[in-house]
Amino acid sequence: MSEHSINVAAAAATKKKMSLMQLTFIVAVNMMGSGIIMLPANMAQVGAISLLSWLVTAVGSMAIAYGFAQAGLFNQRPGGMSAYAEDAYGKPGYFLVFFLYFLSLAVGNVAIGISAVGYLAGFFPWLTTTPIMTCSSLIVLLWLTTVANFGGPRVTGRIGSITVWGVIIPVGMISIIGWAWFSSETFTAAWNPKGLTVAQGMGSSISLTLWAFLGMESAAQNSDAVENPKRDVPLACMFGTLGAAVIYILSTTVIQGIVPNADLAASTGPFALAYATMFSPAIGSVIMALAVLACLGSLLGWQFTIAQTARTAADERMFPALFSRVNEMGAPVTGMVVMGVVQSLLALMTISPTLSEQFAALVNLAVVTNVLPYIISLSALFVMMRAAGVPERKFRLNAAIAIVGMLYSVFAIYASGKDAVLGGMLVTGIAFITYGLIAPRFTPGSAQLRAV
C-alpha cells in the first residue's frame with residue numbers, strides 16, 4: 001500500500017467513527033440477534049425450570065461487563081480484551097486471547113448464518129430443500145454480510161441501529177404486552193417436564209444463556225472504531241448488557257406461559273409462534289420477517305467485529321499484514337475477504353445432515369473459546385489497577401466483581417461439556433504452537449528488534 005493510500009485510510013478512519021449510541025446498538029444486536037430469537041425453544045427442551053439459569057447468567061454477565069468497563073478506563077489501546085491481557089501476560093497473553101476469540105467468532109458466525117437461513121426458509125422453502133442448497137444459501141448469506149461491511153464502521157453502525165429493531169420490536173413488546181396472554185396453568189405445566197433437580201435445571205441451561213450474552217465484549221473489541229473510546233466503550237458495554245439481561249428474562253419467562261411447552265420446544269420460530277398464538281398466523285409471519293432482519297443484523301455486526309479484531313492484531317504484528325489493509329472508508333476489506341473464505345469452508349461442514357451433531361459441538365467450542373479470553377483479560381484488571389494507583393477501596397470492589405465474573409466463566413466452561421472443554425484445550429495448544437513461530441519478533445535481542 002502506498003504512503004498516500006495509508007494517509008487517506010487514516011484520515012477516513014478518523015472521520016468515520018461510531019458514536020456511543022451506534023456502538024451500544026452494535027453490542028445489543030451482537031447479543032440479541034439469533035441467540036435470543038431461538039432461546040425460548042432451546043430452553044423449553046429442558047423446561048421452564050431452565051429460567052433459573054438466568055439468575056446465575058445475568059449476575060455473571062454483568063460482572064464480566066463491569067470488569068471490561070473498568071479495564072477500558074485503564075487501557076484504551078486498540079485490541080480490547082487482547083490489549084487487557086497484554087498488561088499482565090505480555091505478548092503471549094495478547095496472542096492467546098486474540099487467537100481464541102478470533103476462532104470463536106468464525107465458528108459463531110456460521111452458527112448465526114445457519115439460523116438466518118432457517119428463518120428465511122419459512123418464506124422461501126427451496127433454500128433448504130437439499131443439504132447442498134442449504135450450504136449454498138449459507139455461503140451466499142455469509143458473503144452478502146461480508147460485502148455489506150465494505151462501507152466502513154459508520155455504515156455498519158447505521159445498519160446495526162436499524163436491524164436491532166428486528167429484535168427490540170417483537171422481543172421487547174412481548175416482554176410488556178405478553179403478560180395479558182400469560183397463563184399460570186401453562187407455565188406450571190412447563191416448569192419441570194423432565195423431573196430435574198434445581199441444580200440440574202440450572203446447569204443444563206448455562207451454556208444456552210451464556211451463548212445469548214456472547215457479544216458483551218464487542219464494544220471493547222471495536223474500541224479503535226469509536227469517537228471517544230475512554231467514555232463510550234465502558235458505557236456501551238454496560239448499557240448493552242443490562243438492557244439485554246432485562247429483555248432476556250422477561251421475554252423468555254412470559255413466552256413459557258403463552259405457548260405450551262411441547263409446541264415451544266419443537267418450534268423453529270418461537271417468537272413467531274407466540275405472536276401467532278396471541279393474535280393470528282399473519283402477525284406470526286410478520287414477526288418471522290423481523291427475526292430474519294435481526295439475524296442478518298447480528299451476522300453483519302459480527303462480520304465487522306471479526307475483521308476489526310484481525311486488523312488490530314495485524315497492526316500489532318500478531319497476524320499477517322494483509323489484515324490491516326483498509327479501503328478509503330476505513331474498512332479492512334482484504335481481511336474480510338479472507339475471513340469470508342474461511343467461513344465458507346466452515347459452512348461446507350454442514351452439507352451432510354449427519355454433521356449436525358458435529359456442528360453443535362463447534363458451537364459449544366465457540367462458547368469455550370470465547371469464555372477463556374474473558375478469564376484471561378479480566379484477571380489482568382488487577383495489574384492495571386495497581387499500575388494506575390487505584391485507591392484500596394476501589395481496588396477491592398473492582399477485584400471482587402471481577403472474581404465473580406471469572407468464577408462464572410469457569411462454571412460456564414464446565415457446563416459446556418467435556419467435549420467442548422477438550423476441544424478448547426486442543427485449540428489452546430495450537431495457539432501456543434503458532435505463537436512460538438512469531439515469538440522471536442517480540443523477544444529482546446532478536447534479529448527483528450535489533451533491526452529496528
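Me: A crossing is left-handed if the near helix is turned anticlockwise from the far one by less than a right angle, and right-handed if clockwise; in which hand does helix 4 pass helix 19?
Reply: This is a predicted model, in which local features need pLDDT of at least 70 and side-chain atom pairs pLDDT 80 or more, whereas totals for chains, interfaces and linings use all residues. Residues are numbered from 1 along each chain as its sequence is written, and side-chain values use heavy atoms, without hydrogens or water. Helix 4 covers residues 53-74 and helix 19 residues 392-415 (DSSP runs of H or I, at least four residues, numbered from the N terminus), and the crossing of helix 4 with helix 19 is left-handed.

Me: How is helix 4 oriented relative to helix 19?
Reply: The axes, lines fitted to C-alpha atoms over the stretch in contact, lie 8 Å apart at an angle of about 130°, on a scale from 0 to 180 degrees between N-to-C directions. Since angles under 35 degrees count as roughly parallel, over 145 as roughly antiparallel and 65 to 115 as roughly perpendicular, helix 4 is therefore, relative to helix 19, oblique.

Me: In which hand does helix 5 pass helix 20?
Reply: The axes of helix 5 (residues 81-120) and helix 20 (residues 418-438) come within 10 Å and cross at roughly 130°. That makes helix 5 oblique to helix 20, and the crossing of helix 5 with helix 20 is right-handed.

Me: Is Thr146 buried or exposed?
Reply: Thr146 lies in helix 6 (residues 131-147) and, leaving aside residues up to four places away in sequence, touches Gln303, Met336 and Gly340 (heavy atoms within 4.5 Å). With a relative accessible area of 2%, against cut-offs of under 20% for buried and over 50% for exposed, Thr146 is buried.

Conventions. Helices (H or I, at least four residues) and strands (E, at least two) are DSSP runs, numbered from the N terminus. A crossing is left-handed if the near helix is turned anticlockwise from the far one by less than a right angle, and right-handed if clockwise. Buried means under 20% relative accessible area, exposed over 50%, partly exposed in between (1.4 Å probe, protein chains only).
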